[in-house]
Structures are given as structure tokens and as C-alpha cells.
Amino acid sequence: MADDSIAVVDLDRCQPDRCNYECKNYCPPNRSGKECITLRGEETDEGQPEQVHISEEICLGESCGICVGKCPFDAIEIINLPQEIQDDPAHRYGENAFSLYGLPAPQEGRVTGILGPNGIGKTTAIRILAGELEPNLGRHDDQPDWDDVLEAYRGTELQDYLADVRDGNVTVARKPQYVDQIPEQFDGNTRELLEGVDERGALETIVERLSLGPVMEQSIADLSGGELQRVAIAATLVRDTDFYFLDEITPYLDIGQRVTAARLIRELAEEEDKSMLVVEHDLAILDLVADTLHVAYGEPGAYGVVTSPKSVRNGINEYLAGYLDNENMRIRQNPIEFEEHAPRTETHGDVLVEYPDLTKSYGDGEFTLAVEGGQIHENEVLGVVGPNGIGKSTFANLLTGNLAPDEGDADLDLDISYKPQYVTIDQHMRVDAFLSSITDQFGSSYWNTEIAQPLQLERIMEQNLSDLSGGERQRVAIAACLSDDADLYLLDEPSAHLDVEQRVQATSAIRRYAEQQDATVMVIDHDIYTIDLLADRLLVFDGEPAVAGHASPPQSMRDGMNEFLANLEVTFRRDNRTSRPRINKPDSQLDKEQKSEGEYYYAP
């Protein structure tokens with residue numbers, strides 16, 4: 001195989017007990033007497049002895065690809081690397097395993113962003129920068145010493161940083177990606193957790209900024225996803241370390257909380273000269289928080305490339321365009337595009353249902369929700385926005401009948417397919433068996449094209465539900481919701497834990513389903529990009545979180561977003577090049593102009 005090609009065997013998918021080694025039997029070099037595809041054997045460091053490995057020296061490369069087509073479990077990939085990759089990998093996990101090319105470069109007093117798909121090596125890069133993984137420069141069978149590593153990075157921004165890592169002079173604070181795992185690791189209340197890690201004496205200030213006061217005495221096990229996310233951010237920022245790594249700060253947070261978290265991160269970098277590295281899929285927040293940006297691309301699970309730093313605006317725009325200018329690299333066939341003229345033109349279909357005024361109280365002194373009656377139209381996508389703790393999910397549960405209102409009749413005589421906010425797995429079965437139990441369209445040409453492919457389900461069909469990552473669970477839950485036969489499809493936070501491309505593809509799947517099936521969809525989400533791409537009209541919730549919520553009747557996107565963003569004192573503009581939403585810097589000239597005109601959701 002040429003030096004610019006790699007062979008990857010997914011050991012989680014390779015199932016020798018369920019195949020006849022078609023890959024090995026049909027391999028042309030094998031048939032000519034060479035040992036290209038062989039069994040891993042008893043001496044293997046990873047996997048089972050009966051699983052296969054591929055000799056990259058003998059393999060004919062992607063031009064052959066017979067083994068890829070013969071494998072019944074899609075466990076093999078033969079990939080031609082881009083010709084632009086000139087250097088050796090920063091790290092490779094082993095023969096036929098994932099390779100990472102390039103590393104991000106943390107800078108003191110700066111916030112460095114990373115943007116790229118899931119499974120592309122961002123966590124590997126962070127483990128190297130944190131000193132948890134020693135880079136092997138691709139020499140997985142002959143670990144180089146640190147002198148060789150530093151020589152490979154001589155003259156780069158990373159040379160001094162990696163020398164400090166070698167010498168043990170770098171301390172790290174890390175915020176995990178999946179905050180729902182925190183209760184499994186800590187048994188106590190919020191105060192005990194945060195006071196136990198406060199090293200800067202900044203706890204009181206951060207607790208106030210992140211509005212954590214009401215949950216300080218609550219058990220970690222009783223916190224919601226949004227509360228856990230804010231606790232995780234606080235627990236990271238109160239540490240006194242050299243390098244802060246924050247993996248996805250936005251899931252389960254509303255737009256106001258996202259902006260607050262972004263400002264806290266920037267302040268810590270600027271005022272205390274700290275190095276911050278943020279992986280984020282909310283492009284509006286990434287645009288706001290980062291000083292420079294590394295784009296990551298490649299083939300998830302096979303190889304990843306981290307580019308040199310770019311300006312944040314250019315990096316995001318190139319990523320959306322699918323073409324990296326400096327690298328002369330096309331990373332996606334089609335660009336991710338936004339409507340040139342926002343908001344989406346409002347159309348009025350027939351009324352699907354008219355719901356009355358509704359109220360729901362959780363008890364004396366507890367949260368109370370008041371919803372003004374309104375109409376949901378046929379064939380529309382209705383966006384739902386508002387702060388956390390304001391009653392959006394309560395409203396969803398009133399519509400589905402999971403909750404009974406105190407006043408008003410919520411029996412709408414509708415079949416509703418509902419994806420809840422928090423996706424839990426309580427069934428021990430394979431993904432394909434689960435989805436086929438929902439619809440008899442499973443596996444049909446339409447279902448594969450319009451649901452399975454855009455939601456990237458093909459490679460996880462044979463996995464157990466309990467083994468899925470947070471993003472994989474989310475995509476399966478969206479597919480399950482859309483696969484049901486219903487009058488109304490209600491999805492609560494479908495963007496959580498999805499990367500940018502997955503969000504766009506999920507959004508496209510939801511939008512196309514609504515248009516092609518004449519379906520009515522309601523989407524609750526905090527990601528402005530998702531709402532911007534998806535919604536025809538908007539249902540806005542306001543009030544005092546955890547105390548009282550209120551919902552006006554659905555309204556146009558412009559009126560609804562202006563009302564919503566005015567409550568947060570946040571204004572958005574369109575990027576001149578891509579038309580994507582961008583948050584205006586507070587008190588900038590454009591921010592002041594839009595606020596004075598009452599146009600928080602882009603200037604008309």
C-alpha cells in the first residue's frame with residue numbers, strides 16, 4: 001500500500017464467529033500466496049485472536065477494496081489519505097487503528113477552539129496535551145522517546161508546551177463531554193463537590209454568575225441536565241491550573257446560559273492569562289468564545305487531521321463551505337447553507353389543532369405554568385424557545401397526556417410521537433430490532449434514504465442500545481420519533497450531543513419529513529442554528545425560571561425571536577459570506593443599533 005493510505009479494522013464490528021472470513025478468502029494478495037489479511041493471533045494486544053488484521057505493506061489500497069465490499073459487518077475501511085498530509089501522525093493507536101495528524105496549540109491568555117465531527121480525534125489530542133497519552137508519531141510498535149517527539153515539533157508553537165508536558169509542568173482541569181455521568185462518580189451535594197475543587201477562591205462569584213445558588217444544597221443525583229452542565233463548568237473554572245479543557249459547554253443550556261458560560265471562559269483566559277481549549281458544536285457560541293480556531297476533519301473512527309490555527313470567522317465559514325483555503329482541501333461535497341433572507345417565509349396551512357388556555361402547578365410555592373391558547377398548523381415546523389426551567393417540557397408533557405393540566409382541556413385527540421429531552425435507554429436490544437419494532441417501513445428504500453442515511457444509523461444498526469454514546473442515542477431517538485405514525489411529531493432538544501454536520505443532517509431529515517409527508521412537527525431547542533434552519537413559526541416561553549412560566553400563542557419567526565432575544569438582551573446578525581447567525585458583541589455599534597430599532601433577530 002502507498003504511504004498515503006491506511007487500513008482500519010473496527011474491532012467492535014469485526015465478528016469472525018458470524019462470517020466465513022470473506023475478506024481474507026477474497027483478498028487478491030492472499031489468493032496469490034501473500035499474507036495480507038491474517039488472524040490477529042494469541043499475541044495480539046487488542047481484540048480477539050480470531051479477528052483479522054491487514055498488512056498495510058502488502059495491501060493494494062483503496063483501488064482494490066474487495067475486502068471492504070465482502071465484509072458483511074462494515075468493519076473494514078481502506079482509505080487514501082489526502083495528498084496534502086505530509087507529516088507523520090501525531091499518534092496512532094496500533095496497526096489498522098485510528099491515526100491523528102496534527103495537534104491544537106494552546107496559548108496563554110487565549111481561548112483556542114476546535115471544530116469538527118465526533119470521532120475525529122479531538123479527545124486524543126486533548127489527552128496528549130494533558131499528558132495522559134504520550135504521542136508515538138505513528139510508531140505504535142516502537143514508541144519514540146520524548147527527544148524524538150520534541151524534534152518532530154521543533155520550531156512550532158507546540159515545542160515549548162510539549163516540553164512542559166514531558167517535564168510534568170502542566171496541570172489540567174477538564175470538563176467532561178457527557179455530564180450525565182457525574183452522579184455516577186460523585187455521591188454528595190453540589191456544595192460539597194464545588195468546595196472540594198475550589199482552588200482559586202472564585203466559587204462564590206462563579207456560582208452567582210451561573211445561577212447555581214438554588215441547587216447548592218441539592219444532591220448531584222437530583223440535578224437536571226442543564227444544572228449538571230453548569231455545575232461541571234463551575235467545577236472546571238474554579239480549579240487553579242495551567243490548561244483548561246472544556247468539552248461541549250452548551251448541551252442542555254439555554255442561549256442566555258450559553259452566553260454567560262462563554263463570557264466566564266473568556267474572562268478567565270484574559271484576566272488570569274490561562275490557556276483555554278474549547279470543543280464546541282454551537283457555532284454561535286464558538287464564534288463568541290474563541291480567539292483562534294483549529295478545524296478537524298477526516299473519517300470518523302479512522303483518521304483525523306487538526307489544521308493549523310485560523311481566525312474564528314474564517315475557520316467556521318470554511319468549515320461550513322466544506323473547503324479549507326490554506327490546506328487546499330475539500331472536506332465535504334456540499335456546503336452547509338442558510339437562508340439568505342431570514343426569517344423563513346411564513347406559510348399558513350389548515351389548522352391541525354387549536355389548544356385552549358392551560359395552567360399547571362406543581363404545588364403551593366412550586367413552579368407554575370400558564371399557556372395562552374393557540375393554533376398549530378398542518379405541515380408546519382413550530383419552533384419552541386425559552387430559558388431552562390420555564391415550562392417548555394411541561395407543555396410538551398401536557399400535550400402528550402403525560403401530565404394533566406390544572407385548568408383547561410389538553411385532550412387534543414391527536415396521535416403524538418414524542419422524543420423526550422433526556423434520552424434514556426431501558427431496553428436491552430439491538431438498534432435495528434428496536435427501530436423495526438416501531439415501523440414496518442424499516443429497511444425500505446424511503447426509510448433508508450430519508451431517515452437512516454441522514455441520521456448516520458447504518459454503522460450502529462447492529463449495536464446494542466445500551467452501548468451507544470450520547471450522540472448515537474440522540475440520533476436513534478430522532479429516528480424512532482419520525483418512524484412512528486402520528487399527527488404531531490414533538491422533539492425535545494434533538495440537537496444535544498450532535499456535532500455540526502449531524503445537527504444539519506438531522507435538521508434536514510426533520511424538515512424533509514415534514515414537507516414530504518405533510519407532517520406537523522414541534523421542536524424544542526436551544527441551538528439557534530437548528531431553529532433558524534428548521535422553524536416556520538415560533539412559540540416563546542418567558543417568566544422566572546423554576547418559579548413561573550408563561551407562553552404566548554405561536555407567532556412569526558421574526559416577532560417571536562425579537563421577543564425571545566430581547567428578554568436575554570442578545571442580538572444576532574447574519575454573516576456576510578455564509579448568512580449564518582452570529583452573536584453581536586455586547587455594546588458594539590451593531591448591537592446598540594439593533595436594540596434601538598427593536599430588531600434583535602437580524603436587521604431587516
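Two residues are in contact here when heavy atoms of theirs lie within 4.5 Å. Keep that in mind for the tour of this predicted model.

**Stop 1: the whole protein**

Start with everything shown as a cartoon. The protein has 21 helices and 28 strands, and its C-alpha trace spans about 80 × 60 × 50 Å along the principal axes. For 604 residues, a compact globule would have a radius of gyration near 25 Å, and the protein agrees, with 25 Å. Buried residues make up 55% of the 604. Now switch on a surface: about 25,900 Å² is exposed, and carbon and sulfur atoms supply 41% of that. Of the contacts between residues at least 6 apart in sequence, 69% join residues at least 24 apart.

**Stop 2: helix α8**

Select residues 190-197, which form helix α8, and show the side chains of Thr190, Leu193 and Leu194, which are buried. Look down the helix axis: the buried residues of α8 fall within an arc of 85°, so they line one face of the helix. An α-helix has 3.6 residues a turn, so residues three or four places apart point the same way.

What do the buried residues of α8 pack against? Add α7 (182-185), α9 (203-209) and α10 (225-237) to your selection, and you have the partners. Before leaving, zoom in on the start of α8, where a side-chain oxygen of asparagine 189 comes to within 3.2 Å of the backbone nitrogen of arginine 191.

**Stop 3: an aromatic cluster**

The whole structure holds 7 aromatic pairs. For one of them, select phenylalanine 395 and phenylalanine 541: the ring centres are 5.9 Å apart and the planes stand at 55°, so the pair is tilted. Phenylalanine 395 belongs to helix α14 (residues 392-400) and phenylalanine 541 to strand β24 (residues 537-544), so the pair ties together parts that are 146 residues apart in sequence. Both phenylalanines, 395 and 541, are buried. Add Tyr355 to see the aromatic cluster that it forms with Phe395 and Phe541.

**Stop 4: threonine 394**

Stay in helix α14 and select threonine 394. Buried or exposed? Threonine 394 has a relative accessible area of 11% and is buried, as the cut-off for buried is under 20%. Its side chain makes a polar contact of 3.0 Å with the side chain of tyrosine 362. Leaving out residues up to four places away in sequence, threonine 394 touches Lys360, Tyr362, Leu369 and Leu403.

**Stop 5: the loop between α15 and α16**

Move on to threonine 439, in the loop between α15 (431-436) and α16 (445-452). Threonine 439 counts as buried, at 9% relative accessibility. Which backbone nitrogen does its side chain reach? That of glutamine 441, at 2.9 Å. Beyond its neighbours within four places in sequence, threonine 439 is in contact with Trp447 and Ser483.

Keep tryptophan 447 on screen and add phenylalanine 442. The ring centres of phenylalanine 442 and tryptophan 447 are 4.9 Å apart with planes at 55°, so this pair is tilted. Tryptophan 447 counts as buried at 1% relative accessibility, whereas phenylalanine 442, at 26%, counts as partly exposed.

How values were computed: Residues are numbered from 1 along each chain as its sequence is written. This is a predicted model: local features need pLDDT of at least 70, side-chain atom pairs count only at pLDDT 80 or more; totals for chains, interfaces and linings use all residues. Side-chain values use heavy atoms; hydrogens and water are left out. Buried means under 20% relative accessible area, exposed over 50%, partly exposed in between (1.4 Å probe, protein chains only). Helices (H or I, at least four residues) and strands (E, at least two) are DSSP runs, numbered from the N terminus. The arc is that of the directions from the helix axis to the C-beta atoms. A polar contact is a pair of N or O atoms within 3.5 Å; within protein, one must be able to donate a hydrogen and the other to accept it, and residues adjacent in sequence count only if both atoms are side-chain atoms. The radius of gyration is taken over C-alpha atoms; the globule rule is 2.2 Å times the number of residues to the power 0.38. Accessible areas come from the Shrake-Rupley method with a 1.4 Å probe; for residues, only the protein chains shown count as cover. Rings of Phe, Tyr and Trp (its six-membered ring) pair if their centres lie within 6.5 Å; planes under 30 degrees apart count as stacked, over 60 as edge-to-face and the rest as tilted.
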